Amino acid sequence: MIQGLRIGNYVGSGKGIYKIYALSMPQVLALQDYREDIDSQEKVFSGDSTILNPINLDSKWMKDFGFERFPWGYVKNEVLIRHSINGGGDEKFWIEVGNGLKVELQYVHQIQNLFFSLTNKELL
């Protein structure tokens, strides 16, 4: 089961990408196509949290979320997300805070939650 989900988080299930529309954890939730406006009730259906998969964070998602790319990482609303690509092409994202605290971001819902915590704005 994915930890730390909030309403508005993007998750994978089957062949689709969905937005969490409502939560009643640990098992039952409502999902909506991630392209639908959260205020609409179109394409909403119930699901079981055990069928969800986290979505891997990559450069495409960062661009889709409106982050601007710089040599040192991605920036949006003064939030800097560090980025590197290893020799095998695997991407890593992280944020550094204070005295060397480093928090890795592997999944889309993690950056959505972190961005909201830092800015009080949704990353959709």
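Asn 77 lies in the loop between strand 6 and strand 7 of this predicted model. Glu 78 has its place in that loop too. Strand 6 and strand 7 form a hairpin, with two residues between them. Both loop residues have an uncommon backbone angle. Phi of Asn 77 is near 50°, a positive value in a residue other than glycine. Glu 78 is not a glycine either, yet its phi is positive, at about 65°. Most residues other than glycine have a negative phi. The two residues also have their own accessibility values. Asn 77 counts as partly exposed because its relative accessibility is 38%. Glu 78 has a relative accessible area of 80%, so Glu 78 is exposed.

The strands on either side of this loop run antiparallel and are joined by three bridges. Lys 76 stands opposite Val 79 in strand 7. Strand 6 also pairs with strand 5 (residues 68–70). Here too the strands run antiparallel, and three bridges join them. In this pairing, Arg 69 stands opposite Tyr 74 in strand 6. Strand 5 and strand 6 form a hairpin with two residues between them.

These hairpins belong to a protein with two helices and nine strands. Read along the sequence, the pattern is β-β-β-β-α-β-β-β-β-β-α. Of the 124 residues, 35% are buried. Contacts between residues at least 6 apart in sequence were also examined, and 38% of them join residues at least 24 apart. The protein exposes about 7,500 Å², of which carbon and sulfur atoms supply 50%.

Helix 2 covers residues 108–119. Its twelve residues should span 16 Å at 1.5 Å a residue, and the end C-alpha atoms are 17 Å apart, which agrees. Several residues of helix 2 are buried: Val 108, His 109, Ile 111, Gln 112, Asn 113, Phe 115 and Thr 119. What covers them includes strand 1 (10–13), helix 1 (59–64), strand 6 (73–76), strand 7 (79–85) and strand 9 (101–105). Asn 113 is one of the buried residues in helix 2. Its relative accessibility is 15%, and because buried means under 20%, Asn 113 counts as buried. Leaving aside neighbours within four places in sequence, Asn 113 is in contact with Gly 4, Arg 6 and Asn 9. Asn 120 follows helix 2 and has a positive phi, near 60°.

Tyr 10 has its place in strand 1. With a relative accessible area of 6%, Tyr 10 is buried. Residues up to four places away in sequence are not counted among its contacts. Tyr 10 touches Ile 17, Tyr 18, Lys 19, Tyr 34, Ile 55, Trp 61, Phe 65, Val 108, His 109, Gln 112 and Leu 124. Val 108, His 109 and Gln 112 are among the buried residues of helix 2. Tyr 10 and Val 108 are 98 residues apart in sequence. In space, their C-alpha atoms are 6.7 Å apart.

Side chains of opposite charge can pair when their charged atoms come close. The structure holds three salt bridges. One joins the side chains of Arg 6 and Glu 122, at 2.9 Å from N to O. This pair links distant parts of the chain, 116 residues apart. Arg 6 is in the segment before strand 1, and Glu 122 is in the segment after helix 2. Arg 6 counts as partly exposed at 22% relative accessibility. Glu 122 counts as partly exposed at 37%.

Lys 60 forms a salt bridge with Asp 64, and the closest N and O atoms are 2.7 Å apart. Both residues lie in helix 1, four residues apart, about one turn of the helix. An α-helix has 3.6 residues a turn, so residues three or four places apart point the same way. Lys 60 counts as exposed at 57% relative accessibility. Asp 64 is partly exposed, with a relative accessible area of 42%.

Glu 104 and Lys 92 also meet through their side chains in a salt bridge, at 3.8 Å from N to O. Glu 104 lies in strand 9 and Lys 92 in strand 8, so the pair ties together parts that are twelve residues apart in sequence. Lys 92 counts as partly exposed at 38% relative accessibility.

The surface also carries a nonpolar patch of about 240 Å², made by Val 97, Leu 101 and Val 103. Val 97 lies in strand 8 (residues 91–97). Val 97 counts as partly exposed because its relative accessibility is 43%.

Methods: Residues are numbered from 1 along each chain as its sequence is written. This is a predicted model: local features need pLDDT of at least 70, side-chain atom pairs count only at pLDDT 80 or more; totals for chains, interfaces and linings use all residues. Side-chain values use heavy atoms; hydrogens and water are left out. Patches are made of residues with over 30% relative accessible area and no salt bridge: like charges are joined within 9 Å, nonpolar side chains (Val, Leu, Ile, Met, Phe, Trp, Tyr) within 5 Å. Accessible areas come from the Shrake-Rupley method with a 1.4 Å probe; for residues, only the protein chains shown count as cover. A salt bridge is a side-chain nitrogen of Lys or Arg within 4 Å of a carboxyl oxygen of Asp or Glu. Buried means under 20% relative accessible area, exposed over 50%, partly exposed in between (1.4 Å probe, protein chains only). The expected span of a helix is 1.5 Å times one less than its number of residues. Contact means heavy atoms within 4.5 Å. Two strands pair if DSSP finds at least two bridges between them.
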